[in-house]
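I opened this notebook to record what I looked up in the structure, one topic at a time. The entries follow the order in which I consulted the model.

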Amino acid sequence: MWAVSRDILQQGGSAVDGAIAALLCTSLVNPQSMGLGGGSIFTVRDKTGTVKTFSSRETVPQSFKADLLKGCPTSVTFITGSQWIGVPGELRGYEVVHRMYGKLPWARLFEPTIRLAREGFPMPPFLGSLLNITLIGNLVKATSLWRCVGNTVLGIGDMLKFPKLAETMETIAEQGVDAFYTGQIGLDLIQDVKAAGGTLTMEDLKSFRVRVEDAWTVPLGDYQMHIPPPPAGGVMLAFILNLVKGFHFTPRSMEEDQKVLTYHCYLEAAKFANGQRKSVHDPVFNTKKDASYMVDSDFADRIRVLISKNRTYNDSYYNITPSPDRFGTTHVSVLAEDGSAVSVTSTINQIFGAGIYSSRTGIILNNELADFCFRAEGLSAGEQPPSSMAPAILSSSSGKNTLVIGGSGGSMITTAMALSIMNHLWLGMSLKDAIAAPIVFVDGNNNVKFENGFDKVIPLFLSFQ
């Protein structure tokens, strides 16, 4: 993926060109996480320093099951079925950002991925390992997904081809995205969705619009962090970092006598952020629920005094409503020589989305409406679901340093990003080490989880968590 983006930049492409080419390639190597049947959020800084966001997140279709949210599972499981499909916005997002910032011809961005889809490529190790997990293998075999990855579960080293998706991409490369939103590809897609019992219509595709807004800016010491507004997860990220910023961490905070306290304060901040999760809604449809307070440093100051340095509390203290975690998504960061930058996160939501494969187009459909589960009392046609996706761009006051960052992993995104940024800005780690360092995060039930390889001593001292 990075090689495809690099080649596009070397051919004179812009940061946006490189990002789109990388995303198209990612739809092949990570088809379980993102693709043309999903949606994305771009945060783009142009060479003048202006930062805008472009949300092509999936939306609620005009017709949907009235009691849909009553079917939300209370445990971590696959949420499959056509009733969970949101209106795909991925391609419209690509079109809009390319029109504003692209340098290379649209069709050229598709060429590497079309070639790979037709000629085939070795099974990516991560996808291969997923397909060999019994639960996921059974999901593939029990749904139309088997038409995408084969009648039998493939393994690492096997060749993977997507001939139907290659045809679809070639048509879109030649004719533009209207081939999807108003043309034959859309008609074919809708036919497959209806055959699966879904309610998506051509009118839903035709009426989809990308939301273009100024990025929200949050001061973080010597840096300004630019984030997408709600219903994206940028406000969650900003809230955690505003809380942590007030502890004035330094590299000294990672020395043995301070390390446990540092992680404790970070985890308490993450728990308070969980308590605010239900405040993040689509502002277009929830005008009375304004989440802008979450980026206010005064609000962070008021919450920070509630953090004890020697104890933790039960869920009610943090205003937590437990909910199942989400897993999925993928992220691409691109920084060009002219100073322009792109941070983009894309998703079909959970692993393999709704478990619906369109055999006429080669596209896997999202299950984005599941993101309303336990975070909304109802939903409206055209509404975007709340999200943890938080593609961010950080710029130093001198203008010499730029950090383009994002994450995948569903509800783990904001805490993982916050820890990586904290590692780099305040704890003295190099950018490579800050991102590579194993993370500790707080799940939807406020449980503390440690990634494999995390300092084994810390969990012992944090046992009171």
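**Entry 1: Aromatic pairs**

I began with two rings and noted that F42 and Y94 are both buried. The model I am reading is a predicted one. I then looked up a second pair, Y263 and F454, whose rings lie 5.2 Å apart centre to centre with 65° between the planes, an edge-to-face arrangement. I located Y263 in helix α13 (residues 256-275) and F454 in the loop between β15 (448-450) and α17 (457-461), so that the pair links distant parts of the chain, 191 residues apart. Y263 and F454 are both buried.

I next asked how many aromatic pairs the rule gives, and the count comes to 16. I returned to F42 and Y94 for their geometry: the ring centres are 6.3 Å apart and the planes stand at 85°, so I entered this pair as edge-to-face. F42 belongs to strand β1 (residues 39-45) and Y94 to helix α3 (residues 90-101); the pair therefore ties together parts that are 52 residues apart in sequence. I also noted a cluster in which ring pairs link F272, Y313, Y317 and Y318.

**Entry 2: Nonpolar cores**

Which residues touch the most other members of the largest nonpolar core? I found F42, Y94, F110, I172, F180 and F352, in a core of 76 residues. Helix α2 (residues 15-29) gives the most to this core, contributing 11 residues. I recorded a second, separate core of 59 residues, which includes M225, L237, A300 and Y318.

I followed F352 further. Setting aside its neighbours within four places in sequence, I found F352 in contact with P31, Q32, L127, L131, I136, L139, V140, L145, I364 and L365.

**Entry 3: Positions annotated as a binding site**

I consulted UniProt, where an unreviewed entry places the feature "binding site" at R57, T347, I348, N349, D371, S387, S388 and G410. These positions span 354 residues in sequence, yet no two of their C-alpha atoms are more than 14.1 Å apart, so I noted that they gather at one spot.

I examined two of the annotated residues. I348 lies in the loop between β9 (341-347) and β10. Its relative accessibility is 1%, and I348 therefore counts as buried. S388 sits in the loop between β11 and β12 (392-396). Is S388 buried or exposed? Its relative accessible area is 10%, and I entered S388 as buried because the cut-off is under 20%.

I then listed what S388 touches, not counting residues up to four places away in sequence: G233, R277, G410, S411, I413 and T414. Of these, R277 also makes a polar contact, side chain to side chain, with S388 at 3.5 Å. G410, another residue touched by S388, is itself one of the positions in the UniProt feature.

**Entry 4: Helix α10**

I checked the length of helix α10 (residues 184-195). At 1.5 Å a residue, its 12 residues should span 16 Å, and I found the end C-alpha atoms 17 Å apart, which agrees. I listed its buried residues as I185, G186, D188, L189, I190, D192 and V193.

What covers the buried residues of α10? I found that the cover includes α8 (163-175), α9 (178-181), α11 (202-206), β10 (356-358) and β11 (363-365). My last note concerns G197, just after α10, which takes a positive phi of about 95°.

Note on methods
Residues numbered from 1 in each chain as written. Predicted model: local features only at pLDDT ≥ 70, side-chain atom pairs only at ≥ 80, totals over all residues. Heavy atoms only, no water. Helix = DSSP H or I, 4+ residues; strand = E, 2+ residues; numbered from the N terminus. Expected span 1.5 Å × (residues − 1). Buried < 20%, exposed > 50% of the residue type's maximum accessible area, 1.4 Å probe, protein only. Contact = heavy atoms within 4.5 Å. UniProt positions renumbered as here; feature names shortened; annotations may be inferred. Polar contact = N/O pair within 3.5 Å; in protein donor to acceptor, adjacent residues only side chain to side chain. Phe/Tyr/Trp six-rings, centres within 6.5 Å; stacked < 30°, edge-to-face > 60°. Core = buried A, V, L, I, M, F, W, Y, C linked by side-chain atoms within 4.5 Å.
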